[in-house]
Amino acid sequence: MNGGDTAPSEPDARPSRWRVARRQLLIGAGATVGSLLVGVPIALEYGRPSLARWMLERGTGPAEIPESSLVWFELTGDGVTLHVPKIEMGQGIHTALAQVAAEELRVRPERLAVVQADTARGYPAATLFTFGSTSVASLYTPIREAAAAVRAMLAVEAARQLSVEPQALTTVDGAFQVAGTDRVLTYTEVIAAHQGPWQEPAERPALRPAGEFTSIGRSVPRVDFRAKVLGEATYGYDARLPGMGYGAFAVPPRFGAQLESAEPGDVAAMPGVQQVVIDVEAGFAGVVADTRTRAWAAARALRTTWSEGSRVDTGALERQVTAGDGVVLRRDGSIRDALSQGRIVQAEYRTPLAAHAHLEPLAALARVEPGPAGKVELWVPTQSPESVLEDVRAALGEERAVVVHVTQLGGSFGRKGGQHLAVEAARLSAATGRPVHVGWTRDTDLRQAFYRPPTHTRMRGSVGPDGMIRGVEQVSAAGDIIWAVAGLPEPVRSIIGFDPGGLLGLFLPYDLPAYRLVNRREQLPVPTGPWRGLGLMPNTFALESFFDELAEAAGTDPLTYRLAHLRESGEQGERLRTVLRTAARMAGWSESLPAGRGRGIACSGDARTVVAVVAEVDLSGGRLRVTGVDVAVDCGLVVNPAGAKLQAQGSVVMGLSSALREELRIDDGQVVSDNFDSYPILTMADTPPVRVTFVGGGEAPYGMGEPVVGPVPAAVANAVRAAGGPRLRSLPLRL
Amino acid sequence: MRLLINGRHHEIEHGDEPLLWVLRDELGLTGTRYGCGVGICGCCTVLLAGRPTRSCQLTAAEVGERPVVTLEGLAERGPDGKVVALHPVQQAFVETPLQCGWCLPGHVMTAVALLARDPDPDEATIAEAASPNLCRCGGYNTIKAAVARAAELAREA
C-alpha cells in the first residue's frame with residue numbers, strides 16, 4: 001500500500017517480459033501465478049504545452065520524449081495494484097489516479113492499492129519527473145483507456161468461462177455477473193482460471209460516460225493517509241537500512257565558494273565518528289558517525305578553506321534585477337501611439353527572493369556496493385529521480401547501475417526537483433562501504449537551497465477618454481528558473497535572453513488595442529529556480545495590481561473593469577469572466593464595508609486552469625489583517641473535490657504567506673534568514689477562512705497544484721488600496 | 001539509561017542526545033519529525049507526562065522517568081501489534097486529511113493533549129492550541145476542522 005511501500009526493500013517483482021499487443025498495450029507475465037499485468041504506453045505530455053512546444057521547437061528539450069510503460073495494473077488474488085510514475089508530495093494525486101483507474105475497472109476506489117514507481121520497475125527515470133501541475137491532467141485519459149481495456153479483456157474471458165456472450169455480463173465492484181442470474185465470477189477467479197496468453201480486446205473499449213461516474217468526482221479517502229496517521233509512511237528523512245551510518249558534510253560559507261583544502265583535524269577522534277571522507281578535487285569533505293547530531297558536529301569541525309565566493313547582499317541583488325531592455329516577447333498594435341495619448345499610469349513592482357521552506361528538510365539514503373561498477377541504490381524524496389540518477393552516475397562513475405526509490409515527500413513546492421543530497425550520501429556510502437543517510441539541518445536547508453528569484457516589473461498604461469485601456473507596456477526582469485535546472489550551456493541561455501519559466505502569468509488575458517511585453521533574465525550570484533507556479537505569482541502580482549491602478553485612474557470598479565476588458569478574449573476570457581463573477585458573488589462584492597476594510601480581486605490562468613480570488617482586509621489599528629478569501633476555480637473536471645479544495649486552500653495560504661511574510665535576506669553572500677524565526681511563514685493565527693468554489697466541469701481535468709497561488713498577493717494588495725490604504729507595490733506587503 | 005515510551009521501557013544508548021533523535025534514530029520511531037531543531041515548527045511534538053513538548057528541545061536524559069507518548073503509541077493494538085482501532089484524532093485526520101503530512105504528528109499530538117483537558121473545545125480554543133505548529137502545505141483550516149471532528153468522535157466513543 002502506498003505510504004509504507006517506500007521503506008528500503010528489494011525492488012518489487014517487475015514484469016519480466018512485456019508482450020506488445022495490437023494497440024501497444026503491454027501484457028506482462030507477473031511474478032505470481034494467477035496474476036495479470038497490463039501496462040499502457042503513454043506519450044507523456046511533457047510539461048505545460050506552451051513550454052514544451054517552445055523547448056522542442058528550439059531543440060533544447062529532453063533528447064527524446066519518453067514513451068514507455070508509464071502506468072500498469074497488477075491484478076492478483078489480493079486485489080488491484082496501480083503502479084504510477086507520478087510522485088506524491090501532498091497533492092493527493094495517488095488518490096485521484098486510483099479513482100480514475102477504479103472508474104473504468106469498475107471496482108471501488110478503496111480496493112485499489114497505489115504503488116509509487118521507481119527506476120527499477122520498468123520506468124525510464126524521466127517519466128517519474130513530477131512538475132507543473134500536469135500529473136492528473138496528463139494521466140487521466142491514458143489510465144482510463146488502459147483500465148477499460150483490462151476490464152474488457154477480463155469480460156471476454158469471463159464470458160468464455162461462463163459460456164455466455166460478453167454482452168450478457170454486468171460488472172459490479174470487481175466481479176462479473178450473468179445478468180438476471182446469481183452466477184458471479186470475481187476478477188480474481190477469472191484470472192486464476194485463465195490459461196494461455198491474454199488477448200487484447202478486438203475493439204477499443206468504450207469509456208464510461210461522465211453521467212455514470214461513481215468514482216471520479218467523489219471525495220474518496222486519501223490512499224496514503226492511514227499510513228501517515230500511524231507514523232508508518234516513509235519519507236526521505238525516515239529511510240533506514242540495517243548497519244546504516246549518519247553522514248554530514250561541510251558546506252560553503254558563501255554562495256559560489258569552492259573548497260580549496262580540507263583536513264580532518266581532530267575530527268576522527270570525536271565521539272561516534274566512524275570515518276572522515278575528503279576529496280578536495282570533487283569539492284567534498286564529509287564524515288560518517290553513529291548518530292546524526294555527532295555527524296553534524298563533526299562536519300562543522302572539519303578544517304576547511306574555501307575560495308571567497310560572492311559577497312552579494314539583498315540590496316545588490318535587487319539592483320541587479322532591474323527591468324529595462326530585454327527580449328520583446330509580444331507586440332500587439334502600436335504601443336507608442338497608445339502611450340502618447342490618454343491618461344498615462346505607470347508603476348513598478350518588486351517581489352523578493354523566497355524559499356520553499358518545505359517542512360521536511362532534504363535527505364537521502366544511499367547503499368553503494370563495493371568496486372568501481374558496484375550497484376548504487378538510493379532512497380530519495382525527489383520530484384525528479386532522473387536528475388538524481390544522472391548526478392549520482394556523474395559523481396560515482398557512469399558504469400554504475402543506479403536505482404532510485406522515491407520516498408514520500410514532506411512538501412517540496414519545486415525544491416526537491418533540483419539539488420539534493422543523493423550524491424553526498426552515495427559518496428559517503430562508497431567510501432565507507434555501508435549504507436549512509438544524510439539529512440540536512442533546517443539552517444543548512446535554507447542556506448544551501450535555490451530560491452524563487454526576485455523580480456522587477458515596470459508597467460505603463462494609458463486610459464482613453466472612454467475609460468477603456470488604450471495600451472499596456474510591461475517590462476520585467478527576473479532571475480533564472482528553468483535555466484537553473486535545465487542542461488543548456490550558458491552562452492545559449494544568454495542568447496535566448498529570457499527564462500521560459502519566468503513567462504508564466506506574464507501574458508495579459510485582457511483585450512487591449514496595444515500591448516508590448518519585454519522580459520529579461522538575470523544571471524544572479526545566488527542560485528534561483530522553480531518555486532510553486534514559477535513566474536506565475538510574481539508576474540500576476542505586478543499585472544493584476546496594475547490593472548487595479550488603471551481601473552482607479554478610470555474611476556471604475558475593478559471587477560467591472562476586468563469584465564469589460566475580457567469581452568473579446570474567446571474561451572479563456574469567458575472562463576475568466578465566470579470565475580471573476582463567482583468569486584465576487586461569494587465575497588459579497590457589491591456590499592459595502594465599514595471604514596478601514598476593503599476587498600480586492602485578481603485573476604490568472606495557468607496549466608489551463610483559471611482562477612479568481614477575492615481577498616478581504618482590515619487595516620484598523622494600522623495593521624494589515626486578511627479576514628477572508630474567496631476563490632473560484634475552473635480546473636475543468638474535478639476528480640476529487642476534497643483533494644482539489646485542499647490544493648486551493650493550501651495555495652491561498654502559501655500565497656498569503658508570500659504576500660504578508662516571506663522575504664529571504666542575504667548578507668555577505670550568505671542567507672541570514674535561516675530558520676523559521678528569521679524566515680517566518682504564515683501561521684494558523686494569521687490564516688483567515690478560505691472558501692473555494694469549482695465552476696469548471698467538462699470532460700478533462702486541468703492543473704490544480706499551482707494555479708491558485710497566482711492571484712493571491714495581488715488580491716490582497718488591491719484590497720489594501722480599496723480599504724483606504726496605500727498602493728503597495730512590493731512583497732511582502734507592508735503598510 | 002531507559003525511557004518509558006508508549007507504555008514500554010526502552011534501553012537507550014545516547015542519553016545526551018535530543019529526545020527527537022533518540023526516538024527517530026535509536027528506537028526507529030520516525031513518526032516524530034524534525035523540522036527546525038529550535039522548537040518553532042512543532043513537527044517534533046510528543047506528549048511528555050501528557051503535555052505537548054518539543055522533543056528537539058530536551059535531551060533523553062532530561063526526560064528521565066516521565067512517560068513519553070508518540071504518534072506510534074496512539075492507536076489501539078491487538079496482542080499481535082496490529083492496529084485494532086485508530087485514536088479519534090487519527091481517525092479524524094484520515095477523514096479530513098492534510099497534504100504532505102510531515103507536520104501531521106505534531107498536530108495530532110497537540111490535539112490529543114488538548115482533547116484530554118478540554119473534550120469540547122470551541123474554534124478559538126482549537127486555534128490557540130494548534131497555532132504554534134506550522135503547516136507549509138497551508139492546511140490550517142483543515143486542521144481546525146479535523147480537531148473539531150476528533151472531539152466529536154471522542155465524545156461518541
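**View 1. Chain B splits into two domains that sit against each other.** In this predicted model, chain B comes as domain 1, residues 2–72, and domain 2, residues 77–156. Put a point at the C-alpha centre of each, and the two points are 19 Å apart. Across the boundary, 14 residues of domain 1 of chain B pair up with 13 residues of domain 2 of chain B. On the domain 1 side, two strands of chain B each give two or more residues: S3 (45–48) and S4 (51–54). S3(B) makes the largest contribution to that side, with three residues. Sorted by class, the domain 1 side of this boundary holds seven nonpolar, five polar and two charged residues.

**View 2. H3 and H6 of chain B cross within domain 2.** Here we zoom in on helix H3 (88–95) and helix H6 (140–156) of chain B. Their axes come within 8 Å, with a crossing angle of roughly 130 degrees. That angle makes H3(B) oblique to H6(B). As for handedness, the crossing of H3(B) and H6(B) is right-handed. From H3(B), look for B:Pro88, B:Val89, B:Gln91, B:Ala92, B:Phe93 and B:Glu95; from H6(B), their partners are B:Ala146, B:Arg149, B:Ala150, B:Leu153 and B:Ala154. Taken together, the residues of this contact are eight nonpolar, one polar and two charged.

**View 3. H3 of chain B also meets H4.** Stay with H3(B) and swap the partner for helix H4 (104–117) of chain B. The H3(B) and H4(B) axes come within 9 Å and cross at roughly 130 degrees. Once again the angle makes the pair oblique, H3(B) to H4(B). The crossing of H3(B) and H4(B) is right-handed. On the H3(B) side the contact uses B:Val89, B:Gln90 and B:Phe93, and on the H4(B) side B:Leu104, B:Val108, B:Ala111, B:Val112 and B:Leu115. By class, that gives seven nonpolar residues, one polar and no charged. B:Val89 and B:Phe93 are worth picking out, as they turn up in the contact with H6(B) and in the one with H4(B).

**View 4. Chain B meets chain A.** This view pulls back to the interface between the chains, where 45 residues of chain B touch 43 residues of chain A. Five helices of chain B supply at least two residues each to its side: H1 (19–26), H3 (88–95), H4 (104–117), H5 (123–130) and H6 (140–156). H6(B) gives the largest share, four residues. The chain B side is made up of 27 nonpolar, 14 polar and four charged residues. For the model as a whole, the scores are ipTM 0.98 and pTM 0.93.

**View 5. Domain 1 of chain A leans on domain 3.** Chain A is cut into four domains: domain 1 (18–207), domain 2 (243–313), domain 3 (323–355 + 451–722) and domain 4 (362–439). In this close-up, 16 residues of domain 1 of chain A are in contact with 16 residues of domain 3 of chain A. The domain 1 side draws two or more residues from each of helix H1 (49–57), helix H2 (93–105) and helix H3 (135–162) of chain A. H2(A) supplies four residues, the largest share. The class count for the domain 1 side is seven nonpolar, eight polar and one charged.

**View 6. H13 and H17 run alongside each other in chain A.** The axes of helix H13 (residues 536–554) and helix H17 (residues 712–722) of chain A come within 8 Å and cross at roughly 30 degrees. H13(A) and H17(A) are therefore roughly parallel, since the cut-off for that label is an angle under 35 degrees. The crossing of H13(A) and H17(A) is right-handed. H13(A) brings A:Met537, A:Thr540, A:Phe541, A:Glu544, A:Ser545 and A:Asp548, and H17(A) brings A:Pro713, A:Ala714, A:Ala717, A:Asn718 and A:Arg721. This contact counts five nonpolar, three polar and three charged residues.

**View 7. Model confidence, chain by chain.** Chain B averages a pLDDT of 97, and 100% of its residues score at least 70. For chain A the average is 88, with 89% of the residues at 70 or above. Two stretches of chain A to treat with care are residues 1–18, with pLDDT below 50, and residues 42–68, also below 50. In the model, leaving out near neighbours in sequence, residues 1–18 have 53 contacts and residues 42–68 have 37.

Terms used
Residues are numbered from 1 along each chain as its sequence is written. Chains are lettered from A and ligands numbered from 1 in the order in which they are written. This is a predicted model: local features need pLDDT of at least 70, side-chain atom pairs count only at pLDDT 80 or more; totals for chains, interfaces and linings use all residues. Two residues are in contact if their C-beta atoms, placed from the backbone, lie within 7 Å. Ala, Val, Leu, Ile, Met, Phe, Trp, Tyr, Cys and Pro count as nonpolar, Asp, Glu, Lys and Arg as charged, and the others, Gly among them, as polar. Domain bounds come from an automatic or database domain assignment. Axes are lines fitted to C-alpha atoms, for helices over the stretch in contact, and angles run from 0 to 180 degrees between N-to-C directions. Angles under 35 degrees count as roughly parallel, over 145 as roughly antiparallel, 65 to 115 as roughly perpendicular and the rest as oblique. A crossing is left-handed if the near helix is turned anticlockwise from the far one by less than a right angle, and right-handed if clockwise. pLDDT is the predictor's confidence in each residue, from 0 to 100.
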